[in-house]
Amino acid sequence: MISRNRKIDIWKNGKYIDLWSVNHTLAGCLLGALTFFFRIDFIFGFAVSILLMVGWEIYEIIYKVEETPYDRISDVVTGVLGFLAIFALFPKVQIKTADMIFIGILGLWIFLEWWGYMAYRTIEKSKNGLY
């Protein structure tokens, strides 16, 4: 059985890459899938996705989320890779398969976001002596 601390420690920020990078990759996949499903021009969808990814990193800077500059860059890079991977994959599979992949990625992303947020809250409480 995994201890409570291990469930939290896994979410600590790394210098270059960490578990949050998986979430950024999945978010990029979701943005690529939405671009594909809504038949948005690739360049436009890609540009908007990059703006959203960079915007998220700016949000984290404003709200003082502790990350190294390298980790911030890798968050955007992994998101871009997720976008490109899905945008390359989906034209090669049947739409029903693409739908199932999208639902699976969305479910995994929601779960990991929830788990990471709960770990973040626990870490913040322990920093403030509330836990």
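1. Overall make-up. The protein has five helices and zero strands. Read from the N terminus on, the order of its elements is α-α-α-α-α. The model is a predicted one. Of its 131 residues, 33% count as buried.

2. Confidence. The average pLDDT of the protein is 90, and 87% of the residues score at least 70. The elements do not share one value: helix α1, residues 4-9, has the lowest mean pLDDT, 58, while helix α3, residues 42-62, has the highest, 97. A reader who looks at α1 should keep its mean of 58 in mind.

3. Salt bridges around Arg-72. How many salt bridges does the structure hold? The count is three. Glu-57, Glu-60, Glu-67 and Arg-72 are linked by salt bridges into a network. The next three points take the pairs one by one.

4. Glu-57 with Arg-72. In this salt bridge the closest N and O atoms are 3.9 Å apart. Glu-57 belongs to helix α3 and Arg-72 to helix α4, so the pair ties together parts that are 15 residues apart in sequence. Glu-57 is buried, and Arg-72 is buried as well.

5. Glu-60 with Arg-72. Here the closest N and O atoms of the salt bridge are 3.8 Å apart. This pair, too, links distant parts of the chain, with Glu-60 in helix α3 and Arg-72 in helix α4, 12 residues apart. Glu-60 and Arg-72 are both buried.

6. Glu-67 with Arg-72. The side chains of these residues meet in a salt bridge with an N to O distance of 3.0 Å. Both Glu-67 and Arg-72 are buried.

7. Why does Arg-72 count as buried? Its relative accessibility is 15%, and buried means under 20% relative accessible area. Arg-72 sits in helix α4. Arg-72 also has a C-alpha 8.8 Å from that of Val-54, although the residues are 18 apart in sequence.

8. The largest pocket. Its volume is about 1,000 Å³. The lining is made of 34 residues, and those nearest the centre are Trp-20, Trp-56, Glu-60, Val-65 and Glu-113. Glu-60 therefore appears twice in this note, because it lines the pocket and also forms a salt bridge with Arg-72, in a pair whose members are both buried.

9. Which elements line the pocket? Those that give two or more residues to the lining are α2, α3, α4 (69-89) and α5 (95-127). Helix α5 gives the most, with nine residues.

10. A nonpolar patch on the surface. Leu-34, Phe-38, Ile-40, Phe-44, Val-48 and Leu-52 make a nonpolar surface patch of about 560 Å². The largest share of this patch, three residues, comes from α3.

11. Two members of the patch. Phe-38 lies in the loop between α2 (19-37) and α3. Phe-38 is exposed, with a relative accessible area of 60%. Val-48 is placed in helix α3. Its relative accessible area is 33%, so Val-48 is partly exposed. Val-48 and Thr-35 are 13 residues apart in sequence, and their C-alpha atoms are 9.7 Å apart in space.

12. Arg-39. Which residue in the loop between α2 and α3 has a positive phi without being a glycine? Arg-39 has a phi near 50°, and this residue lies in the loop between α2 and α3. Arg-39 is exposed, with a relative accessible area of 78%.

13. Lys-64. This residue has a positive phi of about 60°, although Lys-64 is not a glycine. Lys-64 is found in the loop between α3 and α4. With a relative accessible area of 68%, Lys-64 counts as exposed.

14. Points to look for in the structure. For the salt bridges, start at Arg-72 in α4 and find Glu-57, Glu-60 and Glu-67, which are linked with Arg-72 in the network. For the pocket, start at the residues nearest its centre, including Trp-20 and Trp-56. For the nonpolar patch, start at Phe-38, one of the residues that make it.

Note on methods: Residues are numbered from 1 along each chain as its sequence is written. This is a predicted model: local features need pLDDT of at least 70, side-chain atom pairs count only at pLDDT 80 or more; totals for chains, interfaces and linings use all residues. Side-chain values use heavy atoms; hydrogens and water are left out. pLDDT is the predictor's confidence in each residue, from 0 to 100. Helices (H or I, at least four residues) and strands (E, at least two) are DSSP runs, numbered from the N terminus. Patches are made of residues with over 30% relative accessible area and no salt bridge: like charges are joined within 9 Å, nonpolar side chains (Val, Leu, Ile, Met, Phe, Trp, Tyr) within 5 Å. Accessible areas come from the Shrake-Rupley method with a 1.4 Å probe; for residues, only the protein chains shown count as cover. A salt bridge is a side-chain nitrogen of Lys or Arg within 4 Å of a carboxyl oxygen of Asp or Glu. Buried means under 20% relative accessible area, exposed over 50%, partly exposed in between (1.4 Å probe, protein chains only). On a 1 Å grid over the protein atoms alone, a cavity is a set of points where a 1.4 Å probe fits but cannot get out, and a pocket is an open set with protein on both sides within 12 Å along at least five of seven lines; lining residues have an atom within 4 Å of a point. Grid points are joined across faces, edges and corners, and a volume is the space filled by probe spheres set on the points.
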